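Got the viewer open? Here's a short walk through the model, one selection at a time.

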There are 2 protein chains.
Amino acid sequence: MTLSNALADCAIKINRTMEDLLPGALGAEAILLDAMKYSSLGEGKKIRPFMVLQSSKLFGVKEECARRVGSAVEFLHSYSLIHDDLPAMDDSDFRRGKKSCHKRFNEATAILAGDALLTLAFEILSDPLTAEDSFVRCQLVNFLAKSAGHQGMVAGQMIDLLAEGKTLCLDEIVQMQSLKTGEIFAFCMISGGILGGASKLQLDALKKYAYGFGIAFQIVDDLLDVEGNIDTIGKPGGQDAKVEKATLVAKLGVEEARHKAVLLVNESIEALKLWGREADYLRALAQFVLERQR
Amino acid sequence: MTLSNALADCAIKINRTMEDLLPGALGAEAILLDAMKYSSLGEGKKIRPFMVLQSSKLFGVKEECARRVGSAVEFLHSYSLIHDDLPAMDDSDFRRGKKSCHKRFNEATAILAGDALLTLAFEILSDPLTAEDSFVRCQLVNFLAKSAGHQGMVAGQMIDLLAEGKTLCLDEIVQMQSLKTGEIFAFCMISGGILGGASKLQLDALKKYAYGFGIAFQIVDDLLDVEGNIDTIGKPGGQDAKVEKATLVAKLGVEEARHKAVLLVNESIEALKLWGREADYLRALAQFVLERQR
């Protein structure tokens with residue numbers, strides 16, 4: 001199967017699991033559930049769940065467990081996008097080619113839908129269906145909380161917010177982006193190892209892959225933002241430049257940034273040398289980062 | 001020790017534990033941490049942590065474990081207040097006699113501080129320091145997530161938002177308030193039982209206490225809102241009536257609502273009949289609900 005077929009196949013499976021995890025509701029809760037579904041199901045490449053599934057496969061983890069962890073990460077990712085798009089944050093009216101959550105519903109509903117999706121991620125991870133061993137479940141919860149919280153993703157958002165209009169040095173930009181997106185990619189890769197009882201050496205390799213992948217992913221995101229338009233990336237292009245956001249592309253220029261992304265992807269692939277053919281999709285995924293158009 | 005001394009003593013201990021759990025930070029993270037501390041430390045009666053400590057005492061749970069769980073609940077409670085106060089939600093400029101988080105900092109910081117506090121609650125509960133047994137930790141995480149999420153507190157908020165200007169029947173108001181505040185009180189009471197390996201019978205009694213307590217607490221809150229002013233309750237009085245909020249006081253009138261609160265408190269105290277003197281503070285706490293001035 002080609003990578004794009006494998007990605008599409010994973011997206012279908014994950015959407016199904018996510019739907020099962022978001023039951024129907026009546027009354028006011030129905031609107032809350034609608035908003036949660038609107039912003040998490042369907043669109044989106046589901047790259048994070050794909051990483052969870054692929055890293056889980058390296059350790060022979062049952063797919064149904066990996067799918068639940070992948071769904072939890074995708075719910076958490078969706079929460080971060082909903083809150084990011086709010087008027088007080090990035091003030092984005094569009095996301096993935098459709099209206100952002102607060103535009104489709106309203107601001108209050110978007111805040112609550114984000115809160116509920118974040119909470120749901122922890123509900124799923126702590127459920128016995130996700131892993132038989134409660135110690136494994138606790139590790140997943142603790143690791144995701146650390147990756148997403150005030151020393152992880154939220155810290156990255158905060159640095160990003162305060163960086164607008166300021167000049168960050170290269171290291172500061174890399175640190176900010178590692179926090180903002182890299183920590184969750186690291187969780188995706190390492191969660192497979194936690195589920196499958198990986199060794200320290202293996203966990204370190206997974207982390208290294210995620211690190212390079214995360215920064216390269218962000219560089220390409222920023223390149224697409226500079227070059228792209230609403231048709232290919234689902235949101236109006238040039239938004240980051242407009243508000244003078246601190247990006248590696250703005251710092252290094254398009255050519256050097258692209259070169260840096262290539263180096264990082266090579267490092268990611270190098271980190272997978274512990275594994276054979278079973279890691280081929282992860283290698284292809286890293287390559288794919290450089291080629292993606294949206 | 002009188003109840004008010006016991007409450008004050010608990011508040012000091014919990015503030016200390018919460019401070020330990022919120023380390024210092026540099027740069028942009030420092031502002032995030034400041035906002036998290038501003039809205040969770042210091043003020044506030046810390047009634048929820050008090051319930052956790054008292055219910056834990058019924059089962060001989062180590063106080064340091066109960067304090068961590070109490071802190072987690074208080075962080076989660078603080079998140080809910082921060083997000084509640086946002087302009088898109090209740091639009092409150094004051095909380096506990098001082099500026100609300102988005103007024104003291106700004107809206108984006110308040111959203112992120114709330115997100116980070118919610119995430120921190122799960123980080124604390126899943127940490128081995130909270131309970132040696134990982135199965136116990138998972139139960140705490142799962143129960144808190146269910147109590148706080150799209151079938152718990154957030155659902156209650158959503159119903160509350162949509163109820164503005166509408167007429168809810170008595171049962172609908174009780175259901176909304178059970179979700180909005182009762183679920184977290186239930187977690188506080190039951191968490192002690194989970195930590196201490198309580199029987200089904202004991203857990204049911206704790207839940208029953210929390211249920212009556214929660215509704216009575218809300219009625220008194222609404223009564224204070226009708227009667228109170230900014231000096232005694234820390235926010236301008238009459239706000240709920242102004243936006244025609246669905247409250248039991250609005251539905252039943254002041255006298256009948258107060259009578260209902262008395263009945264509920266009696267039921268709460270009745271539920272504690274499984275315990276002797278060791279539950280006296282919980283009995284006093286239920287009585288205290290009727291007498292509180294803010």
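Start by selecting H7(B) together with helix H9 (residues 170–195) of chain B: in this predicted model, the two pack at an angle of about 170°, and their axes sit 10 Å apart. An angle over 145 degrees counts as roughly antiparallel, so that is how H7(B) and H9(B) run relative to each other.

Now show side chains where they touch. On the H7(B) side, pick Val136(B), Gln139(B), Leu140(B), Phe143(B), Leu144(B), Ser147(B) and Ala148(B). Facing them from H9(B) are Glu183(B), Ile184(B), Ala186(B), Phe187(B), Ile190(B), Ser191(B), Ile194(B) and Leu195(B). Colour this contact by residue class and you should get eleven nonpolar, three polar and one charged.

Next stop: the interface. Bring chain A back and select the residues where the chains touch, which gives you 42 from chain B and 42 from chain A. On the chain B side, the elements giving two or more residues are helix H2 (27–40), helix H6 (107–125), helix H7 (134–148) and helix H8 (153–163). Which of them supplies the largest share? Highlight H6(B): eleven residues come from there. By class, chain B's side of the interface splits into 26 nonpolar, nine polar and seven charged residues.

Try superposing the copies. Chain B lands on chain A after a rotation of 180° with 0.0 Å of shift along the axis, at an RMSD of 0.0 Å. That's what a two-fold axis does. Compare the two interface selections as well: 100% of the interface residues of chain B are also interface residues in chain A, so the copies meet through the same surface.

Two backbone oddities are worth a click. First, go to Arg96(A), in the loop between strand S1 (94–95) and strand S2 (98–99) of chain A. Arg96(A) is not a glycine, yet has a positive phi of about 55°. With 16 other C-beta atoms within 10 Å, Arg96(A) is partly exposed.

Then hop to Asp91(B), in the loop between helix H4 (63–85) and strand S1 (94–95) of chain B. Here too phi is positive, about 55°, and Asp91(B) is not a glycine either. Is Asp91(B) buried, exposed or partly exposed? Count 14 C-beta neighbours inside 10 Å, and the verdict is partly exposed.

Finally, switch to confidence colouring. Chain A has a mean pLDDT of 92, with 93% of its residues at 70 or more. For the complex, the predictor gives an ipTM of 0.94 and a pTM of 0.94.

Definitions and conventions:
Residues are numbered from 1 along each chain as its sequence is written. Chains are lettered from A and ligands numbered from 1 in the order in which they are written. This is a predicted model: local features need pLDDT of at least 70, side-chain atom pairs count only at pLDDT 80 or more; totals for chains, interfaces and linings use all residues. Two residues are in contact if their C-beta atoms, placed from the backbone, lie within 7 Å. Helices (H or I, at least four residues) and strands (E, at least two) are DSSP runs, numbered from the N terminus. Ala, Val, Leu, Ile, Met, Phe, Trp, Tyr, Cys and Pro count as nonpolar, Asp, Glu, Lys and Arg as charged, and the others, Gly among them, as polar. Copies are superposed by least squares on the C-alpha atoms of residues with pLDDT of at least 70 in both. Axes are lines fitted to C-alpha atoms, for helices over the stretch in contact, and angles run from 0 to 180 degrees between N-to-C directions. Angles under 35 degrees count as roughly parallel, over 145 as roughly antiparallel, 65 to 115 as roughly perpendicular and the rest as oblique. pLDDT is the predictor's confidence in each residue, from 0 to 100. A residue is buried if 20 or more other C-beta atoms lie within 10 Å of its own, exposed if 12 or fewer, and partly exposed in between; C-beta atoms are placed from the backbone.
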